[in-house]
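Open the structure in your viewer and keep the selection tool at hand. The tour goes from stop to stop, with something to select at each.

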Amino acid sequence: MENNTKSDVIIETKDVTRIFYMGEVEVKALRGVSLKIKRGEFVAIMGSSGSGKSTFLNQLGLLDIPTSGTVIINSIDTSKMSEKEKGNFRLHNLGYVFQDYALLPELSAIENVCLPLMMQGKSKEEYQRAASAVLISVGLEDRLDQFPSKMSGGQQQRVSIARALAHKPRVLFADEPCANLDSLASKQILELFRKFNKEEDQTIVMVTHEEWHMEYVDRVIRLKDGVLES
Amino acid sequence: MIILEKGKVSFFLASRSIIRGNKGITTFTILVMTLIFLQIVLFSSILGGVTVQFNKLMVDYQTGNLVIEPVENEKYIEDTSSLQKKIEGLPEIIGSSARLRSSGVISHQGKEVGTVIYGIDPGDESQVTHLESAMLSGEFISCPDRGEIILGREVSGGYGALMESKSLGGVEVGNTVNVKIEGVNREFRVKGIYSTLYSNTDSSAYINKADMEEILGVKNRANEIAVKTTSDISEEDARMKLLSLGIKEEIRTWHEFAGMLKTIESTLTMLRNAFSAIGLLIAFVIIFVVIYVNIVNKKRQIGVQKAIGIDQKVIVTSFVIQAVLYAFIGITLGYLIMHYIISPYTIVHPLQIAVGPISLILENFEAFSRAALLFLAAVIGSFIPAYNLSKKSLLELIWGK
């Protein structure tokens, strides 16, 4: 399933393990996962519940620290980074779409999208222009000043995608982005991902458990019991 | 990214949270801040009012603004009538009262009380103190009266005396009491009983100066001269004016005269500071709890902010700014309530306490110092929970793992 022949690798993991401790019980969520993801690839990580797919995404997205192994993004070994450096790396290089959208309820759609750009130190004109453009590109041109509570799930997820893409990240991570959406809204979201992947050459790593999502992605990585399925 | 830009993001998050956040929490937090500020300054104002009232009682019923005393090693001020004329020639002087003062024993129906007895010119005394208006029963002594005495309620007993057991146990106007001064026994008719609420004065007695001169065998002398000045001159300036007249006697302002009061004042100040400290500690705990609950409710939001790359310092600062804004609004409201409602109300309708009526005045220095401490409590009370929470792992913040 994995093709290592292409040289333009954006993410590489080497023998990544993640062990959780629940009281005295040791749970091995990942048991040594090694893979490479190419620049511009749209990859789905699939597997049954408890297979370790979300845990693996968190390692790739620097939201968690592996128990052992390394995650290399854009040729940078992230295991050598401090927490502050990781935060800064996430701000400039990575984008996230969460299952429950994770928008800040006190901010309007455009403010949610502006936030990472503001943090990057962009001028007001720059961040407002960029945020408007990306919201328009996800089809929310008439909802820029709307608050999350006034939007449907699909619309909120599109704001979340706009927030994740506004700063043009090297990799977009999406953790079950359609889990809370009906099939129509899910299709719209997946088509958006596909559009950004094709038109902007955006690398996307998405966790999903829906088999029908496979038709939108370039490659499927399957996990079972914390290891790659061969 | 420079600090100013980070500050802008913090302020952006804080202001949006206050304006668009849960209105109930915002209102409650501001209300708590307002009440805490009022609680701190109200208590302080009451104790401050008590101190002012103590001082006022002393000035109004004993010392006047200035007290002239004999030169060192002398018992009396000589030729008091000339001295009084000289003093009263100044436009800033309302009046002066030359007093003979002696300890004595007053007895009635087998009970006796050791006390300080003053010999006064009633007309002069009324120019300096309000004793004449403090009569509970009977009348103030007048110039031609001889053989008459007025007693403080602590001497006479009754009338709500605080130390009834040490009094004469209920002497009434018209009774005759025996007064023994420097071995001389005289009978005096009680002309009046007074209460000033100032304990030194209420534990004293007054007779006509002529009677006292006769007993002591002195003429035109005094142990002290109390001087009342107009309100537009400070005690220190008035003292300088008197000194410029060539008065060689000791001239003290009432501040120097108030040894006991200073002890009470310093005790009250200590109490005031102690209660303020406790108030601030309570404020800190309340602010901490209110902000902590608010922050814990936003645990996941903090996680999301961290995940998308918002600096931990920016997140913490946004919560501190929120708390400071809450404190600013709360303190401002508290100040306005105190300044425009409570203070004016208590000036028109003073609080009645044991030492008399007091008004609650909020001094600006007091308000600012308490406000500064509350701001500090808000900063610490928000920083600790925000910092503790924001340093947790993303897994714990976002997914509670």
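**Stop 1: helix crossings in chain B**

Helix α2(B) passes α12(B) in a right-handed crossing. This is a predicted model, so read every position as a prediction. To see the crossing, select residues 23–63 of chain B for α2(B); its axis comes within 7 Å of that of α12(B), and the two cross at roughly 50 degrees. α2(B) and α12(B) are therefore oblique to each other.

Now show side chains. On α2(B), the contacting residues include T26(B), I30(B), M33(B), F37(B) and L38(B). On α12(B), they include A323(B), Y326(B), G330(B), G334(B) and M338(B).

Keep α12(B), residues 312–348, and add α13(B), residues 364–390. Their axes come within 8 Å and cross at roughly 150 degrees. That makes α12(B) roughly antiparallel to α13(B). This crossing, too, is right-handed.

Which residues of α12(B) meet α13(B)? Among them are V316(B), F319(B), V320(B), F328(B) and Y335(B). From α13(B), select A371(B), L374(B), F375(B) and F383(B), which are among the residues they meet.

**Stop 2: a helix pair across chains**

Select residues 109–119 of chain A, helix α3, and residues 3–20 of chain B, helix α1. Their axes are 9 Å apart, at an angle of about 155 degrees. α3(A) and α1(B) are therefore roughly antiparallel to each other. Here the crossing is left-handed.

Zoom in on the contacts. α3(A) brings E111(A), L115(A), M118(A) and M119(A). Facing them in α1(B) are K6(B), V9(B), F12(B), L13(B), R16(B) and R20(B).

**Stop 3: aromatic rings**

Over all chains, a search of the whole structure finds nine aromatic pairs. Start with Y96(A) and F98(A): their ring centres are 6.2 Å apart and their planes are at 20 degrees, so the pair is stacked. The cut-off for stacking is under 30 degrees. Are these residues buried or exposed? Y96(A) counts as buried, at 3% relative accessibility. F98(A) is also buried, at 3%.

Move to chain B and pick Y118(B) and Y206(B). With centres 5.0 Å apart and planes at 15 degrees, this pair is stacked. Y118(B) belongs to strand β3 (residues 111–120) and Y206(B) to strand β8 (residues 204–208), so the pair ties together parts that are 88 residues apart in sequence. Both Y118(B) and Y206(B) are buried.

Return to Y96(A) and F98(A), and add F173(A) and W399(B). Ring pairs link these four residues into a cluster.

**Stop 4: charges over rings**

Stay with Y118(B) and add R99(B). The charged end of R99(B) sits over the ring of Y118(B), 5.9 Å from its centre. For another example, select K195(A) and F196(A). K195(A) lies over the face of F196(A), at 5.3 Å from the ring centre.

**Stop 5: a loop lysine**

Finish at K80(A). Where is K80(A) found? Look in the loop between β5 (76–77) and α2 (83–93) of chain A. K80(A) has a relative accessible area of 68%, so it is exposed. The cut-off for exposed is over 50%.

Last, draw a distance from K80(A) to T70(A). It should read 9.2 Å, C-alpha to C-alpha, with their positions 10 residues apart in sequence numbering.

Terms used
Residues are numbered from 1 along each chain as its sequence is written. Chains are lettered from A and ligands numbered from 1 in the order in which they are written. This is a predicted model: local features need pLDDT of at least 70, side-chain atom pairs count only at pLDDT 80 or more; totals for chains, interfaces and linings use all residues. Side-chain values use heavy atoms; hydrogens and water are left out. Rings of Phe, Tyr and Trp (its six-membered ring) pair if their centres lie within 6.5 Å; planes under 30 degrees apart count as stacked, over 60 as edge-to-face and the rest as tilted. Buried means under 20% relative accessible area, exposed over 50%, partly exposed in between (1.4 Å probe, protein chains only). Helices (H or I, at least four residues) and strands (E, at least two) are DSSP runs, numbered from the N terminus. A charge sits over a ring if NZ of Lys or CZ of Arg is within 6 Å of the ring centre and within 35 degrees of the ring normal. Axes are lines fitted to C-alpha atoms, for helices over the stretch in contact, and angles run from 0 to 180 degrees between N-to-C directions. Angles under 35 degrees count as roughly parallel, over 145 as roughly antiparallel, 65 to 115 as roughly perpendicular and the rest as oblique. A crossing is left-handed if the near helix is turned anticlockwise from the far one by less than a right angle, and right-handed if clockwise. Contact means heavy atoms within 4.5 Å.
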